[in-house]
Amino acid sequence: MLNLLDSQRDAQVGGGWSATLRRSVRLFNDFRVEQTDPARFYTALAADSVGQLAHYTDGETLDGTVLLDVGGGPGYFRDAFMSAGATYLALDADAGEMQGAGIVAEGSMLGDGMRLPVRTGSVDACYSSNVLEHVPSPMAMADEMLRVTKPGGVVFLSYTLWWGPWGGHETSPWHLLGGRFARRRYARKHGHEPKNKFGESMYAATASAGLRWARAQRRAGNAEILAAVPRYHPAWAAWLMRVPVVREVLSWNLLLVMRKT
């Protein structure tokens with residue numbers, strides 16, 4: 001069995017990243033303004049992601065790493081990863097999202113995360129943050145991310161859990177009574193559909209499904225599991241992923257880190 005506690009406790013890099021309570025509180029405070037000040041939140045999350053991903057790469061650095069960001073969006077992550085020395089490529093299914101920061105950068109692609117237009121074994125790291133819950137076949141996207149990664153490379157896959165407090169995104173917490181109910185309620189209250197429409201652009205992603213996929217890849221000899229932890233929680237909360245049902249509600253977000261074999 002994967003030792004989740006050890007994998008997260010050791011997640012520290014020379015640049016100072018560590019899964020501390022202070023970090024969790026800081027990210028939560030930034031998350032509170034995600035709707036009103038997205039630049040603040042996503043810039044902070046991108047900076048955190050650089051340190052978190054760097055721990056799992058050779059030499060604990062991203063310098064020279066060819067990285068594909070699946071669901072790269074408006075470019076906040078691009079700036080952070082490029083500043084860390086990575087060669088950054090991004091794919092998004094929504095042209096509007098790609099222009100969210102006012103520019104579509106070189107290396108950006110419009111495409112489907114479930115059918116990546118990228119050669120097999122061509123990137124050192126394949127990264128995705130909070131995208132998997134927006135695709136109808138999430139494990140197909142996970143398979144694609146593993147496919148395009150080089151042997152020895154790293155897949156960093158993080159997504160919001162449906163049964164957590166933010167599982168319905170802007171329709172939360174009413175999603176806990178059903179995604180379609182929450183969508184209808186939002187439309188009645190605001191006079192328009194939510195951005196994230198259950199059944200169209202948002203789906204009920206679970207930790208159990210992701211963990212089953214990761215374990216299946218390990219059994220098949222396709223990848224090694226480096227981490228399976230609550231992404232935003234401090235190290236001492238890693239035990240949550242060991243407890244069925246509890247992990248779906250309290251983990252908020254599952255982070256899977258896999259090394260392709």
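**Reasoning from values to labels in a predicted model**

Colleague: Since this is a predicted model, let us begin with one residue: which residues does L68 touch, once its neighbours within four places in sequence are left aside?

Modeller: With those neighbours left aside, L68 is in contact with L89, A90, L91, M109, L116, V118, V123, A125, C126, Y127 and V148. L68 is also among the residues with the most contacts inside the largest nonpolar core, together with V70, M141 and L254, and that core has 32 residues.

Colleague: Which helices and strands each supply at least two residues of this core?

Modeller: They are strand 1 (66-70), strand 4 (123-129), helix 6 (138-148), strand 5, helix 8 (207-219), strand 6 (223-230) and strand 7 (253-260). Helix 6 gives the most, with five residues. A second, separate core has 29 residues, including L45, F81, Y88 and Y127.

Colleague: Turning to the rings, how many aromatic pairs does a search of the whole structure find, and what makes the pair of F31 and F41 edge-to-face?

Modeller: The search finds eleven aromatic pairs. For F31 and F41, the ring centres are 5.5 Å apart, which satisfies the requirement that centres lie within 6.5 Å; the planes stand at 70°, and because planes over 60 degrees apart count as edge-to-face, the pair takes that label.

Colleague: Why do you say that this pair ties together parts that are ten residues apart in sequence?

Modeller: Because F31 lies in helix 2 (residues 21-31), whereas F41 lies in helix 3 (residues 38-54). Both also belong to one aromatic cluster, which is formed by F31, F41, Y42, Y76, W166 and W252.

Colleague: How do you know whether F31 and F41 are buried or exposed?

Modeller: Buried means under 20% relative accessible area, so F31, at 18%, counts as buried, and F41, at 5%, counts as buried too.

Colleague: Why is W163 called partly exposed?

Modeller: Its relative accessibility is 40%, and because partly exposed covers the values between 20% and 50%, that label applies to W163. W163 is found in the loop between strand 5 (149-160) and helix 7 (179-190), and with L176, V245, V249 and L250 it forms a nonpolar surface patch that has about 470 Å² of accessible area together.

Colleague: Finally, what makes Q52 buried, and which residues does it contact beyond its neighbours within four places in sequence?

Modeller: Q52, in helix 3, has a relative accessible area of 0%, and is therefore buried. Beyond those neighbours, Q52 is in contact with W17, R23, F156, R231 and L255; Q52 and W17 are 35 residues apart in sequence and 6.7 Å apart in space, C-alpha to C-alpha.

Methods
Residues are numbered from 1 along each chain as its sequence is written. This is a predicted model: local features need pLDDT of at least 70, side-chain atom pairs count only at pLDDT 80 or more; totals for chains, interfaces and linings use all residues. Side-chain values use heavy atoms; hydrogens and water are left out. Rings of Phe, Tyr and Trp (its six-membered ring) pair if their centres lie within 6.5 Å; planes under 30 degrees apart count as stacked, over 60 as edge-to-face and the rest as tilted. Helices (H or I, at least four residues) and strands (E, at least two) are DSSP runs, numbered from the N terminus. Buried means under 20% relative accessible area, exposed over 50%, partly exposed in between (1.4 Å probe, protein chains only). Patches are made of residues with over 30% relative accessible area and no salt bridge: like charges are joined within 9 Å, nonpolar side chains (Val, Leu, Ile, Met, Phe, Trp, Tyr) within 5 Å. Accessible areas come from the Shrake-Rupley method with a 1.4 Å probe; for residues, only the protein chains shown count as cover. A salt bridge is a side-chain nitrogen of Lys or Arg within 4 Å of a carboxyl oxygen of Asp or Glu. A nonpolar core is a set of buried Ala, Val, Leu, Ile, Met, Phe, Trp, Tyr and Cys residues joined through side-chain atoms within 4.5 Å. Contact means heavy atoms within 4.5 Å.
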